[in-house]
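Student: I am new to this structure and would like a close look at one part of it. Could you walk me through the surroundings of the RNA strand, and then show me what else lies in the protein?

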Amino acid sequence: MIVRTRIEPAPSGSIHVGNARTALFSWAFARGHAGSFVLRIADTDAKRVTEESFQAVLEDFRWLGIDWDEGPEVGGPHGPYRQSERFDIYREYADKLLAGGFAYRCYMTDEEIDAERKRADAEKRRPNFRHTEAEETAHASEGRPHTVRFIIPEEATVTFHDEVLGDISTEMGRTPDVVILRSDGTPTYMLAVTVDDALMDITHIIRGNDLMASTPRQLLIREALGFTEAPVFAHLPLIVAEGGKPLSKRWGDVSVRSYRDRGYLPEAMINYLALLGWSLDDKTNIFTVEELIDSFSLVRVGKNPAAFDIPKLDWVNMHYIKSLDPDELAARLVPFCEREGMDAGTDEGLGKLRAVTPLLVERLKRLDEAPPMVRFLFDRNEPDEKAAKALEGQSEYLNEVASRLEALSEWTTTAIDAALRALADERELKPKKAFQPIRAAVTGTLVSPPLFESLEILGRDETVARLRSAA
RNA sequence: GGCCCGUUAGUCUAGUUGGCCUAGGACGCCGCCCUCUCAAGGCGGAGACCACGGGUUCGAAUCCCGUACGGGCUACCA
């Protein structure tokens with residue numbers, strides 16, 4: 001059997017980290033089994049889907065390094081891969097269901113449906129949305145709009161095996177007949193996903209646990225449609241916020257894009273996401289995508305929800321930042337610096353960044369932390385409040401520092417270091433007392449990369465000029 | 001209300017067939033060291049009666065039952 005997995009995102013802008021994790025596992029599973037990974041766009045509710053949000057989804061996957069063998073832009077033998085382009089197919093299957101007596105037209109208005117739901121609830125039974133034959137003919141001749149509902153056999157107990165959760169058995173007695181075609185003739189998720197998974201020969205349906213409840217219904221539809229071979233199911237534990245609450249916008253940023261914008265590396269996101277609900281072994285925290293693919297297995301996926309923990313993500317990200325070589329890091333820093341108004345994309349700008357990266361690499365958790373640290377190389381900024389305070393009454397000292405630096409025979413970190421320490425010794429100043437005013441004068445802040453190295457990179461003329469002007 | 005799922009430290013987890021678990025690793029936290037700021041790094045530490053209550057067993061985090069708590073679904077969203 002050739003393994004085929006898929007991810008089916010709804011294109012509502014940048015993907016949710018939970019979807020990214022699901023995609024990652026589904027993808028890793030396919031890759032690890034020399035199978036195919038299909039990207040299918042769940043845009044049956046086409047009204048609010050924009051081209052922009054569709055592109056955002058593709059871009060997020062590309063950024064993460066998750067590629068697809070079949071799907072938008074690459075095509076494939078089972079296309080099209082946007083459900084909005086497959087409506088005819090779904091209608092055809094809905095007709096089959098109708099013809100086979102597995103579905104019926106429901107002419108009820110929203111009000112009627114509401115009322116029936118309330119009644120059913122009070123009577124502790126499932127709601128009934130069907131019509132008598134007479135009603136149906138009447139409604140049809142009036143041209144009343146209708147949906148198509150799939151009949152859930154009341155006595156059915158659906159059983160399936162889940163690779164993560166084990167055997168699941170569900171009694172369908174109170175599950176209402178499910179809408180498969182909306183009144184405008186478009187299919188719902190329940191129909192589209194079932195038909196597509198079957199038609200596209202998906203062998204392993206790996207998806208979020210929130211969709212587990214829909215599995216029995218999909219199995220029933222599948223069976224009614226005559227698709228005899230059932231796929232393997234694996235429902236992944238949900239990713240939640242601290243306290244086990246749903247990871248919603250309310251909690252904070254949940255889109256992949258927002259993490260990208262804050263300077264998380266794609267390799268770090270992949271690594272961290274893989275740690276949510278899965279583990280390589282009892283002690284490995286850091287691994288490459290290749291290692292993930294090689295060792296990923298559904299058996300090792302946990303059952304319980306995982307909380308998204310930013311501090312740990314930061315730690316993983318820091319690890320990957322450290323592993324970048326200086327040129328690579330400098331290049332990745334450019335957009336973040338430009339965003340903050342620095343002229344970092346030029347040869348000169350890149351040169352400055354390249355020079356400081358060795359100093360930054362040990363102190364960045366996120367790429368977006370770099371701009372404030374390197375700003376002094378691009379602008380002569382006004383001292384901030386704390387820096388201004390550190391400069392008070394330091395005129396004479398700063399002028400002396402400037403003179404000493406001017407007198408240096410060579411402009412190197414070692415020479416600067418020696419000169420400034422010598423001066424501090426002469427004046428019996430503790431290092432901190434001696435160096436903070438200089439840092440304040442030159443960088444405009446009390447927090448910067450190591451001082452002597454920073455001065456060397458800045459250059460003698462600029463350093464001296466800043467010292468004199470702050471004095 | 002109904003159907004289904006889950007429950008190891010603040011967090012992610014290891015714990016595959018019950019004994020090597022006096023529960024392992026990581027993040028975070030605390031302390032010390034290093035130190036020109038901020039970090040990083042090194043060393044050490046606290047933190048879990050394995051949700052709770054019953055069983056089964058010579059022996060249970062691991063098996064069974066119940067309870068509590070949490071979550072998902074119960075849409076003409078996916």
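**Around the RNA strand**

Tutor: Happy to! There are 66 residues around RNA strand B, and those that come nearest are Thr 44, Arg 182, Glu 362, Arg 363 and Arg 439. Please keep in mind that this is a predicted model.

Let us begin with the RNA side. Of the strand B atoms within 4 Å of the protein, 76% belong to sugar or phosphate, and the rest belong to bases. A few contacts with the protein backbone can be picked out one by one. At Leu 446, a polar backbone atom is 2.9 Å from a sugar or linking oxygen of RNA strand B. At Ala 307, the partner of the polar backbone atom is a phosphate oxygen of the strand, 3.1 Å away. At Lys 283, a polar backbone atom is 3.4 Å from a sugar or linking oxygen of RNA strand B. As for helices and strands, those that give two or more residues to the surface near RNA strand B are α4 (110-122), β4 (147-150), β6 (166-171), β11 (306-307), α11 (310-323), α18 (431-443) and α19 (451-458). Sorted by class, that surface has 28 nonpolar, 24 charged and 14 polar residues.

Now step back to the chain as a whole. The domain assignment of chain A gives four entries: domain 1 (4-72 + 239-307), domain 2 (86-236), domain 3 (324-377) and domain 4 (385-470). Taken over C-alpha atoms, the centres of domain 2 and domain 3 are 54 Å apart.

These domains help to place the largest pocket, which holds about 910 Å³ of space. Its lining has 38 residues, and Ala 10, His 16, Asn 19, Asp 210 and Leu 211 are the closest to its centre. Two or more lining residues come from each of β1 (4-7), α1 (17-32), β8 (204-208) and β10 (239-240). Of the elements, α1 gives the most to this lining, namely four residues. Where does the largest pocket lie with respect to domain 1 and domain 2? Both domains give residues to the lining, so the pocket lies between them. By class, the pocket lining has 17 nonpolar, twelve polar and nine charged residues.

There is an enclosed space to look at too. A search of the whole structure finds one cavity of 30 Å³ or more, and the largest cavity holds about 40 Å³. You can find it by its lining residues: Thr 194, Asp 197, Ile 205, Gln 218, Leu 219, Arg 222, Pro 231 and Phe 233. The elements that give two or more residues to this lining are α6 (189-199) and α7 (215-224), and the largest share, three residues, comes from α7. By class, the cavity lining has four nonpolar, two polar and two charged residues.

Let us finish with α7 itself. Eight of its ten residues are buried, so α7 is largely enclosed by the rest of the structure. The buried residues of α7 are Thr 215, Pro 216, Gln 218, Leu 219, Leu 220, Ile 221, Arg 222 and Ala 224. Just after this helix, Gly 226 takes a positive phi of about 90°.

Notes
Residues numbered from 1 in each chain as written. Chains lettered and ligands numbered in written order. Predicted model: local features only at pLDDT ≥ 70, side-chain atom pairs only at ≥ 80, totals over all residues. Heavy atoms only, no water. Near = heavy atom within 4 Å. Polar contact = N/O pair within 3.5 Å; in protein donor to acceptor, adjacent residues only side chain to side chain. Nonpolar A, V, L, I, M, F, W, Y, C, P; charged D, E, K, R; others polar. 1 Å grid on protein atoms, 1.4 Å probe; cavity = no way out; pocket = protein on both sides within 12 Å on 5 of 7 lines; lining within 4 Å. Points joined across faces, edges and corners; volume = space filled by probe spheres on them. Domains from an automatic or database assignment. Buried < 20%, exposed > 50% of the residue type's maximum accessible area, 1.4 Å probe, protein only.
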